Amino acid sequence: MDSTNRIEEERSPLGWFLAGARGIFSLPAIILMLSFVGFCSLTVQAGIPLAQVVFMTGIVWALPAKVILVSSILSSASLATAFLAVTLSSVRLMPMVAALVPELRTPKTPTWLLLVLSHFIAITAWVFAMERVPAVPRQHRATFFAGFGITLVAANMALVGIVYRLVADFPPIVAGCLFFLTPVYFLASIWNSARHPVVYAALAIGLVAGPLCYWIAPEFDILLAGLGGGTLAWAGERLWRSRREKSA
Amino acid sequence: MSWMDGWWAYAFIAIAGWLATDIWRWLGVLAGNRLRDDSEALNWVRAVATALVAAVIAKLILYPTGVLAQSPLWLRLGSVVLGAIVFFAARQKPAAGIASAIAALAAGLWWLGF
């Protein structure tokens, strides 16, 4: 590692951009691309035109937000309802970005650049960046992340564009498995990337609260499950934490 | 389905999709270092956000669209449970859990004649 350090310090900005771009061949990026094939099949089944799916992939980027957006369109929700559902589901992006920004920036990094780069942050890019960025010299980190983020978004836009026509002709088993990849991938990656005990509690309660709220109030199920289940998980975890602190 | 036509669909996606997600990314940048990662308000926000995504996951598994809508519930739940068991047995490796859940689903669908 030490012998390569000098070479890495001398790498040009383009070299660092390309080093980030190579992250497209990492396991998280490959799983994400398979999930995007699955998402593409969801949009085909929902009847959303190709151009809108590619547009959505580039401009929204976060996969959970897009799944909620598509579900909102499917249930012909109003713009306000869809906005609220997507906004609430994307709150998680704020602490993720806030945790990554101090790793990416130098005292000279302009805020506008960080605002632009933040668009490329979603679960996969975040996990990848938090893991790999500390090994990159600080003045090249933003470039490295830009290389990874831009490549990943562009590759998935192209992938969705190519695969859209094919997913309709997939054998039923393949189509079914690709659809299933999305929920299974989210379950594994949320559990795996959780850094706070409250996330485990919220995940478990949300899984039960979702169907329960769908049964009680199908129109507001996701919002109800999120607000109610999340508050319950937070209160429970807080109580557990304060009891542990008292007994300690 | 008027939302599908012309500029309105793109405006819908831009407002309910792009604006609704990038607002949080921008706030995240501005919060940056100053955000207290241990504040109770952030903990609550984190819990609500996670529960919301979990509810979406549960709905996708229990009420899928397309091909899986015709598959039996026990197969979908069984595949997820098997995936979870392998995930924890394999020291929480996402790839192991995901692969075994998908393999179980594929085997079940094939056996049922899909």
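Biologist: Why is the pair A:Arg141 and A:Glu103 called a salt bridge?

Modeller: A salt bridge needs a side-chain nitrogen of Lys or Arg within 4 Å of a carboxyl oxygen of Asp or Glu. The N to O distance between A:Arg141 and A:Glu103 is 3.9 Å, so the pair fits the rule. Please keep in mind that this is a predicted model, where local features need pLDDT of at least 70, side-chain atom pairs count only at pLDDT 80 or more, and totals for chains, interfaces and linings use all residues. Residues are numbered from 1 along each chain as its sequence is written, chains are lettered from A and ligands numbered from 1 in the order in which they are written, and side-chain values use heavy atoms, with hydrogens and water left out.

Biologist: Which parts of the chain does that pair link?

Modeller: A:Arg141 belongs to helix 10 (residues 141-167) of chain A and A:Glu103 to helix 7 (residues 93-104), so the pair joins distant parts of the chain, 38 residues apart. Helices here are DSSP runs of H or I with at least four residues, strands are runs of E with at least two, and both are numbered from the N terminus.

Biologist: What makes A:Arg141 buried or exposed?

Modeller: Buried means under 20% relative accessible area, exposed means over 50%, and partly exposed lies in between (1.4 Å probe, protein chains only). A:Arg141 has 9%, so A:Arg141 counts as buried. A:Glu103 has 28%, so A:Glu103 counts as partly exposed.

Biologist: How many salt bridges are there over all chains?

Modeller: The count comes to three. One of them joins A:Glu237 and A:Arg241, at 2.8 Å from N to O. These two residues are about one helical turn from each other because they sit four residues apart in helix 13 (residues 221-247) of chain A. A:Glu237 is buried because its relative accessibility is 8%, while A:Arg241, at 24%, is partly exposed.

Biologist: What makes B:Arg25 and B:Asp22 a salt bridge?

Modeller: Their closest N and O atoms are 2.5 Å apart. Both residues lie in helix 1 (residues 6-31) of chain B, three residues apart. B:Arg25 has a relative accessible area of 0%, so B:Arg25 is buried; B:Asp22 has 3%, so B:Asp22 is buried too.

Biologist: What is in the largest nonpolar core?

Modeller: A nonpolar core is a set of buried Ala, Val, Leu, Ile, Met, Phe, Trp, Tyr and Cys residues joined through side-chain atoms within 4.5 Å. The largest such core has 112 residues, and those with the most contacts inside it include A:Phe39, A:Phe145 and B:Ile98. Helix 11 (residues 172-193) of chain A gives the most to this core, with twelve residues.

Biologist: Which residues does A:Phe145 touch?

Modeller: Contact means heavy atoms within 4.5 Å. Leaving out residues up to four places away in sequence, A:Phe145 touches several residues, among them A:Leu100, A:Leu117 and A:Phe120.

Biologist: How many helices and strands does chain A have?

Modeller: Chain A comes to 13 helices and zero strands. Buried residues make up 53% of its 248 residues. Among contacts in chain A with a separation of 6 or more, 75% are between residues 24 or more positions apart. Its C-alpha atoms fill a box of roughly 60 × 60 × 35 Å, taken along the principal axes.
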